[in-house]
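Subject: Two-chain model, notes for handover

Hello, here is the model I said I would pass on. Please look at it first; my notes follow below.

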Amino acid sequence: MNGQVPVVEMTNISISFPGVKALDEVSFRMFPGEVHSLLGENGAGKSTLIKALTGVYQIDSGPTDSGEILLAGSRVSFAGPAQAQNAGISTVYQEVNLLGNLSVAENIMLGREPRRFGGIDWRATRRRALELLGGLHLDIDPGSLLGSHSLAVQQLVAIARAIDVHAKVLILDEPTSSLDADEVAELFRVIRELKAEGVAILFVSHFLDQVYEISDRLTVLRNGKLVGEYRTDEILRLDLVQKMIGKELAILDALERRIVEPGGGEGDEVPLLAARALGRKGSIAPVDLRVYTGEVVGLAGLLGSGRTELARILSGIDRPDSGELVIDGTPHRFRTPRSALARGVAYSSENRRAEGIVEDLTVRDNIVLALQADRGWFHPISRKRRDELAVSYIQALNIRPANPDAIVRNLSGGNQQKVLLARWLAVAPRLLILDEPTRGIDVGAKAEIQKLVVNLAENGMSVLFISAELEEVLRLSSRIAIMRDRRLVADIVNDDLTVDSLLAIIADGELTAVAR
Amino acid sequence: MSIDTSSAPVAGRRLFGRVSSAFTSPKYGPVLVTLVLLIAVFAIGGSRYRGFVSGPVILNLFVDNAYLIVLAVGMTFVILTGGIDLSVGAVLALSTMIAASLLQSGWSASVVIPLILVLTSVLGLLVGLMIHVFKIQPFIATLAAMFLARGLCYVISKDSISITDPVFVSLAQTRISLGGRMSITASVVIALLVVLVAFLVLHYSRLGRTVYAIGGGEQSGMLMGLPVARTKVLVYVISGFCSGLAGVLFTFYTLSGYSLTAVGTELDAIAAVVIGGTLLTGGYGFVLGSVLGVLVLGTIQTIITFEGTLSSWWTRIFIGGLLLVFIVLQKVLTARRR
């Protein structure tokens with residue numbers, strides 16, 4: 001493949017959003033007639049890279065953004081998705097980005113309908129749509145409303161649309177997440193046909209099996225940086241997972257492995273929280289999990305393995321449809337996060353900006369928010385008490401700037417995370433579920449948060465610690481539960497586990513040598 | 001949706017299936033319900049009053065509501081994108097004032113009418129740009145335009161100005177005979193032309209399909225490479241133009257300009273569009289549905305006029321009730337399909 005001109009060459013792309021460096025000097029290239037996988041955990045920068053390529057983000061718009069994109073050797077700069085499409089880059093986005101209120105035919109042809117007498121020629125439009133659907137072996141009425149079809153069909157319609165653009169580059173962002181096995185096979189057949197026609201296909205999926213099945217080469221991103229480009233047949237699955245998840249280096253070693261002895265588990269002590277065959281259709285398979293008082297349980301697994309889904313069920317956001325949740329030996333049914341909080345279960349979301357902090361409020365208001373909600377709005381916390389709370393948490397968690405009146409939007413990611421933690425600590429939960437509390441924050445803040453988790457457990461709080469970073473899960477947890485493909489595949493006491501043994505379980509899903 | 005059985009009543013059942021599927025579709029359902037409603041209202045009127053279901057009554061429905069049809073057409077474009085235009089009533093009043101005062105000072109009708117259409121289109125353009133460039137809620141932006149237009153009416157004159165310009169008066173009063181006692185005005189012809197053009201634009205042009213696309217999902221439309229920004233601005237220009245034209249037709253109807261005229265008409269237009277089956281959240285609806293909506297409102301008004309003893313405010317009460325029913329109906333139909 002070398003010697004050929006890449007159809008896409010992106011060099012040193014940097015894109016920043018306020019407070020986040022989404023892409024940092026990332027380079028990426030694709031050759032005609034190859035399937036190229038783009039891999040990385042959530043927040044690694046995959047979507048940003050794709051949006052830079054498809055013209056949704058303009059690289060030259062921000063002062064800190066830089067880099068250049070070459071298309072078949074010549075420099076391009078797209079002002080919008082329409083321009084990128086005209087240049088032959090078409091995209092099927094992760095969420096089906098079609099219009100449920102219009103017909104299937106229109107969704108395929110919108111913006112380039114054949115015209116006759118100055119108006120849209122609906123017959124020709126339908127005929128063309130029918131041809132394209134036929135190419136995908138999709139037997140549906142092109143006149144039917146798109147919204148009346150299943151997500152899988154909608155996904156295939158999106159692909160039919162993308163194919164019709166006579167694409168040189170076809171980007172498929174998680175195209176298989178809503179497809180069943182047969183549909184995936186069908187999709188792969190189409191991909192191979194397109195590949196044979198010389199189309200370069202960018203494939204994004206968190207199903208590693210599919211990545212290995214379909215792609216020729218792959219590029220790994222982590223935390224907005226390029227890890228490397230590899231030939232799929234030359235990289236072992238284990239190495240790949242390691243490259244996606246990454247290893248924290250020496251800086252964190254200062255914090256030695258300090259696992260709190262679990263308060264129970266050996267004897268017949270009643271667990272603080274026990275899930276018995278707790279599951280939710282279309283979300284996670286039934287899970288058995290126990291958390292004892294004062295222990296840190298790590299929850300590991302790749303993106304999309306069901307970690308967050310489990311946390312959402314445990315904390316009353318989503319309702320389970322099978323099994324039961326037992327708190328202190330009595331079954332409970334959480335209807336809302338509020339009822340979970342009343343039982344002492346608090347959830348700190350992985351989605352810090354959207355589901356965590358309120359960006360436009362001050363540090364003080366963010367910290368007291370959950371406590372105030374817990375007390376009810378008719379029992380306001382006095383100004384004095386709010387100040388005390390804010391100041392004490394700012395000191396305890398070392399929040400910078402140490403100013404209760406600072407607007408949270410302007411804090412760094414790590415400090416925003418600390419504010420969020422402070423909010424949950426203020427309500428003194430018995431079980432704190434932390435979902436990716438250290439993602440996307442700098443190493444110093446990361447170490448502080450890890451230290452805090454240990455301290456909390458020593459003081460009797462239970463923590464369910466969700467993270468894609470295995471080092472920190474190993475460092476903090478007394479027990480590690482591992483999820484893969486939306487089921488809990490292992491629940492192991494953390495005494496002689498290593499990153500490699502965890503990786504083996506995550507990659508292959510079976511307890512092998514490390515079983516216990 | 002379709003049931004396949006190989007016995008005799010297949011055809012009947014399939015027909016029933018198709019009919020019931022059309023009625024419960026978020027696309028056609030509300031419009032079909034409106035059509036049934038219009039027929040029902042007419043039947044009620046016909047059973048109570050002699051001569052209710054007659055050519056002149058039906059034609060008068062169009063004559064009396066020509067301006068509202070035009071307003072509703074413009075409003076349909078806006079609501080299809082998921083927006084709203086509260087300024088149409090005030091812009092209509094402003095048009096009547098501009099027409100009356102300019103004609104009074106001796107301008108020719110052939111200059112005044114195009115001028116009004118240009119001015120109201122420009123006002124629509126400004127509103128559209130405000131919404132697009134500054135990301136202002138359509139509700140707020142058009143509310144501001146409403147106050148601006150209404151205020152300008154008073155700047156022109158506080159009193160009613162009557163129109164005596166001979167060309168204008170003859171345009172207004174010419175009746176086109178359809179044989180017998182039946183005749184229509186030029187306004188009706190213009191209104192129906194507007195409906196025809198709007199129908200063609202919405203269904204046979206990319207602009208029209210982009211309007212639907214924006215209502216279905218602005219983000220998706222943008223990612224599909226459609227000219228979302230341009231279209232979003234353009235629907236307010238169309239609504240502005242329609243308001244101006246409706247103002248001219250209204251002036252034909254009243255032959256005067258008055259600052260306080262058409263207060264609340266924007267709400268009639270919105271009501272007609274919603275009753276006509278256009279979803280307030282955008283994406284579903286037909287311009288012909290909006291015409292049906294106007295006719296339903298007009299028929300209710302006619303019944304109340306025929307009744308004689310009822311206060312005209314009963315029209316509003318009926319419209320209010322109908323609106324409520326239709327909004328709930330839309331919710332149910334769209335919720336079922338999600």
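**The sheet in chain A**

A:Thr219 has A:Glu229 as its bridge partner in E12(A). Helices (H or I, at least four residues) and strands (E, at least two) are DSSP runs, numbered from the N terminus. Two strands count as paired if DSSP finds at least two bridges between them.

Before going further, some conventions. This is a predicted model, in which local features need pLDDT of at least 70 and side-chain atom pairs count only at pLDDT 80 or more, while totals for chains, interfaces and linings use all residues. Residues are numbered from 1 along each chain as its sequence is written, and chains are lettered from A and ligands numbered from 1 in the order in which they are written.

The pair A:Thr219 and A:Glu229 belongs to the ladder between strand E11 (residues 217-222) of chain A and E12(A), which run antiparallel and are joined by six bridges. Both strands sit in an open sheet of six with mixed pairing, in the order E6-E9-E10-E3-E11-E12 (chain A). Its edges are strand E6 (89-92) and strand E12 (225-231) of chain A, each of which pairs on one side only. From one strand to the next the twist averages 20° (axes are lines fitted to C-alpha atoms, for helices over the stretch in contact, and angles run from 0 to 180 degrees between N-to-C directions).

Strand E10 (residues 200-204) of chain A is mostly covered, with five of its five residues buried (20 or more other C-beta atoms within 10 Å of the residue's own; exposed means 12 or fewer, partly exposed in between; C-beta atoms are placed from the backbone). In a regular strand the side chains alternate between the two faces of the sheet. In E10(A), A:Ala200, A:Leu202 and A:Val204 are buried on one side, and A:Ile201 and A:Phe203 on the other. E10(A) runs parallel to E9(A), with five bridges, and A:Asp173 stands opposite A:Val204. E10(A) also runs parallel to E3(A), with three bridges; there A:Val35 is partnered with A:Ile201.

Two helices go with the sheet. Helix H5 (residues 151-164) of chain A packs on it, touching E6 and strand E9 (169-173) of chain A, and makes about 180° with the direction of E6(A). Helix H8 (residues 237-245) of chain A lies across strand E3 (35-39), E11 and E12 of chain A, at about 35° to E11(A).

**Where the chains meet**

In all, 19 residues of chain A are in contact with 22 residues of chain B (contact means C-beta atoms, placed from the backbone, within 7 Å). On the chain A side, helix H2 (81-86) and strand E8 (119-120) of chain A are the elements that give two or more residues. H2(A) gives the largest share, three residues.

**Chain B**

An unreviewed UniProt entry lists several stretches of chain B as "transmembrane region", including residues 178-202 and 267-293. In the model, residues 178-202 of chain B are 68% helix and 12% strand, with end C-alpha atoms 30 Å apart. Residues 267-293 of chain B are 59% helix and 0% strand, with end C-alpha atoms 13 Å apart.

**Confidence**

Chain A averages a pLDDT (the predictor's confidence in each residue, from 0 to 100) of 83, and 89% of the residues score at least 70. The pLDDT stays under 50 over residues 248-257 of chain A. It is also below 50 over residues 511-516 of chain A. Where pLDDT is low, the predicted coordinates should not be read in detail.

Regards

How values were computed: UniProt positions renumbered as here; feature names shortened; annotations may be inferred.
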